[in-house]
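Here is a short report for a reader new to this structure. It takes up a strand, a charged residue and a sheet in turn.

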Amino acid sequence: MSEFLVSLLGERLVNSEKAEVDVQSLGTKLSLVGLFFGCSLNAPCKQFNASLCEFYSRFKKTSEHKDKLEIVFISSDQDQKHWQDFLQEMPWPALPFKDRHKKMKLWNKYKVTSIPSLVFVDAATGKVVCRNGLLVVRDDPKGLEFPWGPKPFAEVVAGPLLRNNRQTTDSSSLEGHYVGVYFSAHWCPPCRSLTRVLVESYRTVKESGQKFEIVFVSADRSEESFKQYFSEMPWLAVPYSDEARRSRLNRLYGIQGIPTLILLDTEGHMITRQGRVEVLNDPECRLFPWHPRPVLELSESNAVQLHEGPCLVLFVDAEEEGELEPAKELIQPIAEKLVAKYKAKEEETPLLFFVAGEDDMSDSLRDYTNLPEAAPLLTILDMSARAKYVRDVEEITPAIVDQFVSDFLAEKLKPEPI
């Protein structure tokens, strides 16, 4: 276990007293590590840190599992003094300030998109146990539900669900259905835009004879807003008054922002977290139930995924959608092999794959990342690290792409700043 933690966190952490903490010494009983991603200058991070300190102190004093949990602070501070001052408020260790490379690897590995964020991971394997630790601290202040691992969807959603005609149905009615778990709110303009499209998609899928249901999990700020918004929806909802169940569903899927549409298969297993992108890209629902595709054509609706971790983008000289097919076919086997490798390890793939033609979206991305105008152009873009890796060669072959990916994953490539 300690060997794995060393590979994840490095050999040394530091504490508030500026002393080094040997990762090997964190304890043989340790089974769960909470990675706290934050910044001293962020007010929500400061507020959450106070709550986490209370939670941690209580857990270490009263829980029978006190030796099984440790927290590690992963800072995005740019100023060492600010970081050091914030660390003074913490009873747990932190990644060294200067270890920016390891910080960024952890941000990418655990797909952290906002702060504060607390991700609980298995100390022996690094696999995510709970992605939304903020809700753990809020909903389980005494740590009674340790280790907060994922439960089956059917168990978490269990109970009555509303229809907008004020009738109710039991969640058991979802059995045997594909399910979309829709996290949304009336106050959020992108949510309302997606809802209008989703209503049409829902009806199209239902009319095709597929067993499909959507469950709305509201993030509205009042029951009145919830009722108004839900009146526009033809599907089911968790009652607004059942805040505990809404929170458990948020925790189960590690929701960090809305709108989010999680798609589940008929057994309750996740198909994709990117339901929003899939629905917007497939208005005729031809690809339902929207299993992830190894290679995507870059578009306005899926460009948001460029910010979720490193992405391979192959730019080609093509103006029409059909002209991108040869480029997709070239990198598809490499993408499929990588996805299969990490799926076998029950981990998310460390790299997403895109092809981009000649359009406004591609031009904007080239301008933003300061890429040359060449085509074909093979790149890996890491937006969160503000880093890019570029192969500008006359002909892109599968062997070149495969080597480029292998070298990136082995950290053999030298990044250029974005």
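## Terms and model

A residue counts as buried when its relative accessible area is under 20%. The model is predicted.

## Strand β10: covered on both faces

In a regular strand the side chains alternate between the two faces of the sheet. Strand β10 covers residues 212-218. On one side lie Phe 212, Ile 214, Phe 216 and Ser 218, and these are buried. On the other side lie Glu 213, Val 215 and Val 217, and these are buried too. Seven of the seven residues of β10 are buried, so the strand is largely enclosed by the rest of the structure.

## The partners of β10

Strand β9 spans residues 178-184 and pairs with β10 in the parallel sense, over seven bridges. Within this pairing, Gly 180 stands opposite Ile 214. To get from β9 to β10, the chain passes through helix α7, residues 189-207. This β-α-β crossover is right-handed.

β10 also pairs with strand β11, residues 236-237. The sense is parallel, over two bridges. Here Val 215 of β10 stands opposite Leu 236 of β11. Helix α8, residues 223-230, joins β10 and β11 in a β-α-β unit that is right-handed.

## Arg 366: buried, with no salt bridge

Arg 366 sits in helix α12, which runs over residues 360-369. Which side chain of opposite charge is nearest to Arg 366? It is Glu 373, 4.6 Å away. A salt bridge needs a side-chain nitrogen of Lys or Arg within 4 Å of a carboxyl oxygen of Asp or Glu. Arg 366 has no salt bridge, yet is buried.

What does Arg 366 contact, leaving aside its neighbours within four places in sequence? The residues are Phe 315, Leu 371, Pro 372, Glu 373, Ala 374, Ala 375 and Leu 377.

## A six-stranded open sheet

An open sheet holds six strands in the order β14-β16-β15-β17-β18-β19. Its pairing is mixed. The edges are β14 (295-297) and β19 (416-417). Each edge strand has a single partner, so one side of each is left without a neighbour in the sheet.

Inside this order, β17 (residues 377-382) and β18 (residues 387-391) pair in the antiparallel sense over five bridges. Asp 382 stands opposite Ala 387 of β18. Helix α11, residues 325-344, packs on the sheet. Helix α11 touches β14, β15 (311-315) and β16 (352-356). The direction of α11 makes about 175° with that of β16.

Notes. Residues numbered from 1 in each chain as written. Predicted model: local features only at pLDDT ≥ 70, side-chain atom pairs only at ≥ 80, totals over all residues. Heavy atoms only, no water. Buried < 20%, exposed > 50% of the residue type's maximum accessible area, 1.4 Å probe, protein only. Helix = DSSP H or I, 4+ residues; strand = E, 2+ residues; numbered from the N terminus. Pairing = 2+ DSSP bridges. Right-handed = clockwise from strand over helix to strand, strands pointing away. Lys, Arg positive; Asp, Glu negative; His and termini not counted. Contact = heavy atoms within 4.5 Å. Axes fitted to C-alpha atoms, helices over the stretch in contact; angles between N-to-C directions.
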